[in-house]
Structures are given as C-alpha cells and as structure tokens.
Amino acid sequence: MAPYGVYDIAANQGWVNVGIDADTAEFAVESIRRWWQRLGKERYPKARTLTITADCGGSNGARVRLWKRELQRFADETGLGVTVAHLPPGTSKWNRIEHRLFAYISQNWRGKPLVSHHVS
C-alpha cells in the first residue's frame, strides 16, 4: 500500500489517498487531482493557481519527467497554473505533511495488518 497525502496549509487539514500498487508519478498526480475534485475546488472556488511543495526524490522528484507530464495534464484539465517547490535533498523532515499527517498514519498502522482501506 502506498499513501500519498495532501496537506492544505490554509485550511490546516490533511487528505490521504491510499493506493494498492506502488508510489508512482501517475499515482501522485492522481492523488492531487482527487483532492482538488473532492475538496480543493469547492474550498477555493476562485483559485487560479496551485502551489505544491514536494520532496526531491521518489515519484514527485524534481527530475521525474512523468511527474512533470502528469502535472501538466492536471493543469490543462483544471485550468490552474501549477507551481512546484521541491524541498532540498535531506530536508524532508521539515516537510509539514511528514509531521502533520504521516506520523499519525504510521502510528495507526503499526502492528496491524491492512485488510482494507478502512482502518479504525
């Protein structure tokens, strides 16, 4: 299972999409797309731009061409201008989503086999 989270700084709320395969660039952008469709566009109806902060490695790395291509598709679909600010290597510990969201996910999943997407 691969979680991908969106932490909305303005609303101080997190949203997680859990995939059943792997953490790929397509999955990362699809997670952002789903957040936008389900929460973002209603919460920010006048938005013209979306700023994303991301780690430097993995599926949303600064050099991952598929990530860039999929983000462009998302931008074209939504009409949003998308800006990505990548955190420097080794600084993901300061990424807000790591502390605000994934620490609690790790604690909740610790020692429990995942048999479905719903964990109480």
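A residue counts as buried when its relative accessible area is under 20%, as exposed when that area is over 50%, and as partly exposed in between (1.4 Å probe, protein chains only). Keep this rule at hand as we walk through the structure.

**Before you start**

This is a predicted model, in which local features need pLDDT of at least 70, side-chain atom pairs count only at pLDDT 80 or more, and totals for chains, interfaces and linings use all residues. Residues are numbered from 1 along each chain as its sequence is written, and side-chain values use heavy atoms, with hydrogens and water left out.

**Stop 1: the whole chain**

Show the protein chain as a cartoon and you will find three helices and four strands. Helices (H or I, at least four residues) and strands (E, at least two) are DSSP runs, numbered from the N terminus. Trace the chain from that end, and the elements come in the order β-β-α-β-α-β-α. Of its 120 residues, 31% count as buried. Now think about contacts, meaning heavy atoms within 4.5 Å. Among contacts between residues at least 6 apart in sequence, 62% join residues at least 24 apart.

**Stop 2: two helices side by side**

Select residues 25-43, which form helix α1, and residues 65-78, which form helix α2. Two packed helices are described by the angle between their axes and the distance between the axes. Here the axes come within 8 Å and cross at roughly 25°. That makes α1 roughly parallel to α2. The axes are lines fitted to C-alpha atoms, for helices over the stretch in contact, and angles run from 0 to 180 degrees between N-to-C directions. Angles under 35 degrees count as roughly parallel, over 145 as roughly antiparallel, 65 to 115 as roughly perpendicular and the rest as oblique.

Next, show the side chains where the helices meet. On the α1 side, pick A25, E26, A28, V29, I32, R33 and W36; their partners in α2 are L66, W67, R69, E70, L71, R73, F74, E77 and T78. Sorted by class, this contact has nine nonpolar, one polar and six charged residues. In this sorting, Ala, Val, Leu, Ile, Met, Phe, Trp, Tyr, Cys and Pro are nonpolar, Asp, Glu, Lys and Arg are charged, and the others, Gly among them, are polar.

**Stop 3: charged pairs**

A salt bridge is a side-chain nitrogen of Lys or Arg within 4 Å of a carboxyl oxygen of Asp or Glu. By this rule there are six salt bridges. Zoom in on E30, whose side chain meets that of R33 at 2.7 Å, N to O. E30 also forms a salt bridge with R34, at 3.1 Å, N to O.

How far apart in helix α1 are E30 and R33? They are three residues apart, about one turn of the helix. E30 and R34 lie four residues apart in α1, also about one turn.

Colour these residues by accessibility: E30 is partly exposed at 25%, R33 is buried at 10%, and R34 is partly exposed at 31%. Add E77 to your selection, and you have a network of salt bridges linking E30, R33, R34 and E77.

Then move to α2 and select E70 and R69, which form a salt bridge at 3.1 Å, N to O. Is E70 buried or exposed? With 8% relative accessibility, E70 counts as buried, whereas R69, at 41%, is partly exposed.

**Stop 4: a loop residue**

Finally, select L87, in the loop between β4 (81-86) and α3 (96-109). L87 is partly exposed, at 21% relative accessible area. Add G57, 30 residues away along the chain: the two C-alpha atoms are separated by 9.3 Å.
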